[in-house]
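Student: Could you walk me through this structure, one residue or pair at a time?

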Amino acid sequence: MSARPPYPRLRRLRVALAASCAALLFTTGCSFGEPDPDPAGEPPNLPTPSASANPGRAGQQAVTTVLAKGLRVPWAIAFLPDGGALVTERDNGRILQVGPDSGPDGLRVRPVQTVPDVAAAGEGGLLGIAVSPDYATDRAVFVYYTTERDNRVARLQLGGQPTPILTGIPKANVHNGGGLGFGPDGQLYVSTGDAGERPLSQDVKSLGGKILRITPAGRPAPGNPYPNSPVWSLGHRNVQGFTWDAAKRMYAVEFGQNTWDEVNQITKGGNYGWPEVEGRAGDKRFTDPIAQWATSDASCSGLAAVDRLLVTACLRGKRLWVLELTDTGTLLGQPSELFTNRYGRLRAVAAAPDGSLWVGTSNHDGRGDPAGDDDRLLRVVFAGGDGGRS
């Protein structure tokens, strides 16, 4: 989820390509070929199992490849400088390294750490993960997890003992939040849930129902809207995924209750209305979402950005929603859906260094119907049948 990809030149190349495709993507499709290797490091040696195209609305297509199989509730994905990724497994507290090396059946998957004190129950467990923007020198990894007492954020080096840097985030069987990622400003952002206690979301003194902004040491970041507070925005029910676009605007996906799930543009000190409102309300006290769906079609967890596109992975909706943004960060046209009911419940999504998306299924989370090779990591590349035009 970091906004600082490990291959800057390669990322700029991908952004330029995506920008030229943005106007065509929803009408004719746009093919993204394999990028050239970057001097900063080779992209992963991707496996060659069968790939298939899945048409979306308005002619949009995406090509998918299965990167890894047999995972258990992969919750979050964070990329390393070598092009491999760290993936958390919610229920067993493991951190997996996936790639960059591969074998005959996909990328190599190996456990690198089990985080102690994880108390997995309901929606809690080992959740978000973020790699330090300075990983090459500090080797720091940050995790968000549930304990018997709270949700918390800890810093660690792989194989070492975690050091908690932010504790006391409300926990419950549901609504534990769990998103974690470094913003373009180098600060660490943390998304939390209301832990089933609705008033917490509007209480600035509570860490529940918020997006928090802290330093890598866990202190309230300079410039936060409330003095000596980590709170960046409030009025959230349960945010699990957030990201930044190419213009450094922040977005988050929000679980609604029974009516509307949301995608919001997040601003400093913004109030997103929960529990007073759900979805668009036109109430000047609160910020309306840029997009909303019925909960049966969404219940989305992960969120990633590829230039002008926001892509969110949905659990109950069993699909990806793809949104195109305008120059000002509003929604252009209507969202497009992909993979509906094809892979089951989708949770994690992250933009990879090579410009593709990695998506994790969540069919072993107690609410899905797992296939024999679940849970899976998928590589998604937007494509189209328009002669490779881009």
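Tutor: What follows takes up the disulfide and then a buried acidic side chain. This is a predicted model, in which local features need pLDDT of at least 70 and side-chain atom pairs count only at pLDDT 80 or more, while totals for chains, interfaces and linings use all residues. Residues are numbered from 1 along each chain as its sequence is written, and side-chain values use heavy atoms, with hydrogens and water left out.

Student: How many disulfides does the count come to?

Tutor: With a disulfide taken as a pair of cysteine sulfur atoms within 2.5 Å, the count is 1, and Cys300 is joined to Cys314 with an S to S distance of 2.0 Å.

Student: Which parts does the pair tie together?

Tutor: Cys300 belongs to strand 19 (residues 300–306) and Cys314 to strand 20 (residues 309–314), so the parts tied together are 14 residues apart in sequence; strands here are DSSP runs of E, at least two residues, numbered from the N terminus.

Student: Are those cysteines buried or exposed?

Tutor: Both Cys300 and Cys314 are buried, meaning under 20% relative accessible area with a 1.4 Å probe, protein chains only.

Student: Switching to Asp261, what does the side chain reach?

Tutor: The Asp261 side chain reaches the backbone nitrogen of Gly256 at 2.6 Å and that of Ser299 at 2.5 Å.

Student: And which side chain of opposite charge is nearest to Asp261?

Tutor: That is Arg237, 6.0 Å away, and Asp261 is buried yet has no salt bridge, a term for a side-chain nitrogen of Lys or Arg within 4 Å of a carboxyl oxygen of Asp or Glu.

Note on methods: Helices (H or I, at least four residues) and strands (E, at least two) are DSSP runs, numbered from the N terminus. Buried means under 20% relative accessible area, exposed over 50%, partly exposed in between (1.4 Å probe, protein chains only). Lys and Arg count as positive and Asp and Glu as negative; His and the chain ends are not counted. A polar contact is a pair of N or O atoms within 3.5 Å; within protein, one must be able to donate a hydrogen and the other to accept it, and residues adjacent in sequence count only if both atoms are side-chain atoms.
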